[in-house]
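Student: I would like a close look at one part of this model, the surroundings of the ligand. Please also set that part against the rest of the chain.

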Amino acid sequence: MEQLSVEFPLWVRLTHFFNFLFLSLLVRSGIEIIGAHPRFYWNDHCEPGSEWLNFLKKKMPRNKLWTAEDEIKPLNSWVALPGGNNLGMGRHWHYWSVIGWLICGLFYVSMMWLSPHWQRLVPASWEIFPRAWKTFLAYLSFEMPQNKGLFNPLQKLSYFCLVYVLTPIQILSGIAMAPAISGRFPAFVALFGGRQGARSVHFIGLLLYLLFFVVHLFMVFVHGFGKGMARIVLGSESKPHDIAVFLGLAGILLVVLINVVATYASLKHTFRMKKFLELGVDSLLRFFFHHQRSVQNHQKTSPTPRANGRPPKNELFQHHLQHNFRDFRLKLYGLVETPLAFNLQELKALPKEEQSTLHICIQGWSYYAQWGGVHLKTLLDLCRPLPKAKYLVFHTMDEKWEHPEDEGYYYEVIDLELACKPQSLLAYEMNRQPLPLEHGAPLRLRLESQLGYKMAKYVSAIELVEDFSHLGKGQGGWRDDVLNYFVKTAGI
Ligand SMILES: Nc1nc2c(c(=O)[nH]1)N[C@H]1C(S)=C(S)[C@@H](COP(=O)(O)O)O[C@H]1N2
Ligand SMILES: [Mo]
């Protein structure tokens, strides 16, 4: 074996700093995301009461319809990035910093394996376990273990687990939560015991990073702060401790400052910040998560699926309800050769598609249901989009009376590629019954590789357009516009 010096090369010291920076952003934005549904389950039905961990003390009313939006817990900016009810921005920060963190981590691991440094973390034999245990007992009896190399056995084992066990699990459980991935590779997600298993594992991972951070900091103090700083900032214990402590504290302050600025800018200049965080990240997310086709067939239904978005109250919708949608017509218009209108009987006479899938809300909860309806492709083949047509706008009868401060009816935009996927339906049936009122009667969109908010309920018309920037605030959907500044790719 090559001899290892007791110095930290520059790349170790730099990646240590960036790892700390990106992890601080990841943890805080992760906490923001948890606030959107602060409950954890080991089952994908997310039955209220079946959570193993619940941070929401609020009880949901038994006697009236509540929706998942009532379960949001706005968090303090001291713990969450950016804090408040800002799921969209939390997600932006999470994806932005995960890319930085992955680049940093990949560089670190490659440098380890390209140099003799890999031996620092990879145990040479199973002997590491009893030796680490002995070190642990030594600490318990307030003895300082004598290091032969840079790290003692317990340290080596903890770092190994952090880099080569916890981190891969965290990356994989994160990916498993994307609906595009759980739709395309259900067996992979089953490794975690399902979607909620992946979410719970991802959360436990966050706790372990925090635990590591606290113990690591404690150990640095126990072993000598100046000595530790000299190593990690300047590379070796023999370097001047005072300069190292000064630079080290300046580095920590910089990370704090970046967090403060990130929080402030996200709250004060949300739209500009969103644009900044999308640079590059948006195309990367699109590349990985937009083109997957869902192949789900779960054959499961959840006893009490949640709803999000309450039924419309406006006169037209009430009229349709009273008359059992007898005069209802679904309109197809815009950039098409033949504008069309269908009543429900006519839609039901078209070839029927059925699918049994997992619904995943951006907030984090999920449920299984069976859906029956017309393939969007069938409708497109009938009205024949003009070559100019790029997008489908789903207009709804939902005036969003619950959000009087935000104007406009609920709508969602998808592109032709998504519309032509095999599991993209306009559904009129849920669990083999006519679509219930709270789930979008008479018609709702189902896009099984996407997050729930894309799947507009109470759909009344489909318009084909070349561009959607004139609609609402131009972000391609009601929730995309007004609520939370969502990322463009709803596959993750
Ligand atoms: N018209 C309308 N459609 C909507 C919404 C809404 O508020 N209004 N909420 C969306 C969100 S965020 C989700 S998660 C799903 C929820 O579908 P469900 O209520 O059938 O469970 O509907 C989507 N479609
Ligand atoms: Mo949602």
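Tutor: Of the contacts (heavy atoms within 4.5 Å) in the chain with a separation of 6 or more, 74% are between residues 24 or more positions apart. This is a predicted model, in which local features need pLDDT of at least 70 and side-chain atom pairs pLDDT 80 or more, while totals for chains, interfaces and linings use all residues. Residues are numbered from 1 along each chain as its sequence is written, chains are lettered from A and ligands numbered from 1 in written order, and side-chain values use heavy atoms, without hydrogens or water.

The chain contains 17 helices and 12 strands (DSSP runs numbered from the N terminus: H or I of at least four residues, E of at least two). Its C-alpha trace spans about 85 × 45 × 40 Å along the principal axes. Of its 492 residues, 53% are buried (under 20% relative accessible area; exposed is over 50%, partly exposed in between; 1.4 Å probe, protein chains only). The chain exposes about 23600 Å² (Shrake-Rupley, 1.4 Å probe; for residues only the protein chains shown count as cover), and carbon and sulfur atoms supply 65% of that area.

Now the ligand. Ligand 1 is surrounded by 21 residues (a heavy atom within 4 Å), and Asp 398, Lys 400, His 439, Lys 457 and Arg 479 are the closest. By class, this shell has 9 nonpolar, 5 polar and 7 charged residues (nonpolar: Ala, Val, Leu, Ile, Met, Phe, Trp, Tyr, Cys, Pro; charged: Asp, Glu, Lys, Arg; polar: the others, Gly among them). Three side chains place a polar atom within 3.5 Å, the limit for a pair of N or O atoms, of an oxygen atom of ligand 1: Lys 400 at 2.6 Å, Arg 479 at 2.7 Å and Arg 444 at 2.9 Å. The protein covers 100% of the 530 Å² of accessible area that ligand 1 has on its own.

His 439, one of the closest residues to ligand 1, sits in the loop between strand E10 (433-434) and strand E11 (444-447). Because its relative accessible area is 5%, His 439 counts as buried. Apart from neighbours within four places in sequence, His 439 is in contact with Pro 305, Arg 306, Ala 307, Tyr 367, Met 430, Arg 444, Lys 457 and Tyr 458. In that list, Arg 444 also has the polar side-chain atom 2.9 Å from a ligand oxygen, and Lys 457 is again among the closest residues to ligand 1.

The backbone around this part has two features to check by eye. The peptide bond from Ala 441 to Pro 442 is cis, with omega near 0°, and Pro 442 is in the loop between E10 and E11. Tyr 458, a contact of His 439, has a positive phi of about 55° although it is not a glycine. Tyr 458 lies in the loop between E11 and strand E12 (459-465), and counts as buried because its relative accessible area is 1%.

Comparable backbone features occur elsewhere in the chain. The peptide bond from Leu 81 to Pro 82 is cis, with omega near 0°; Pro 82 is in the loop between strand E2 (53-54) and helix H2 (87-114). Asn 324, which is not a glycine, has a positive phi near 55°. The loop holding Asn 324 runs between helix H13 (315-322) and strand E3 (330-334). Asn 324 counts as exposed because its relative accessibility is 64%.

As for packing, the largest nonpolar core (buried Ala, Val, Leu, Ile, Met, Phe, Trp, Tyr and Cys joined through side-chain atoms within 4.5 Å) has 65 residues, and Leu 330, Leu 376, Leu 379 and Phe 394 touch the most other members. Strand E6 (residues 366-375) gives the largest share of this core, 5 residues. Leu 376, leaving aside neighbours within four places in sequence, is in contact with residues including Phe 394, Ile 414, Leu 445, Leu 447 and Ile 462. A second, separate core of 15 residues includes Met 112, Phe 151, Met 229 and Leu 234.

At the other end of the numbering, Phe 17 is in helix H1 and touches Gly 251, Leu 254 and Val 255, not counting residues up to four places away in sequence. The C-alpha atoms of Phe 17 and Cys 104 are 9.7 Å apart, although 87 residues separate them in sequence.

Methods
A polar contact is a pair of N or O atoms within 3.5 Å; within protein, one must be able to donate a hydrogen and the other to accept it, and residues adjacent in sequence count only if both atoms are side-chain atoms.
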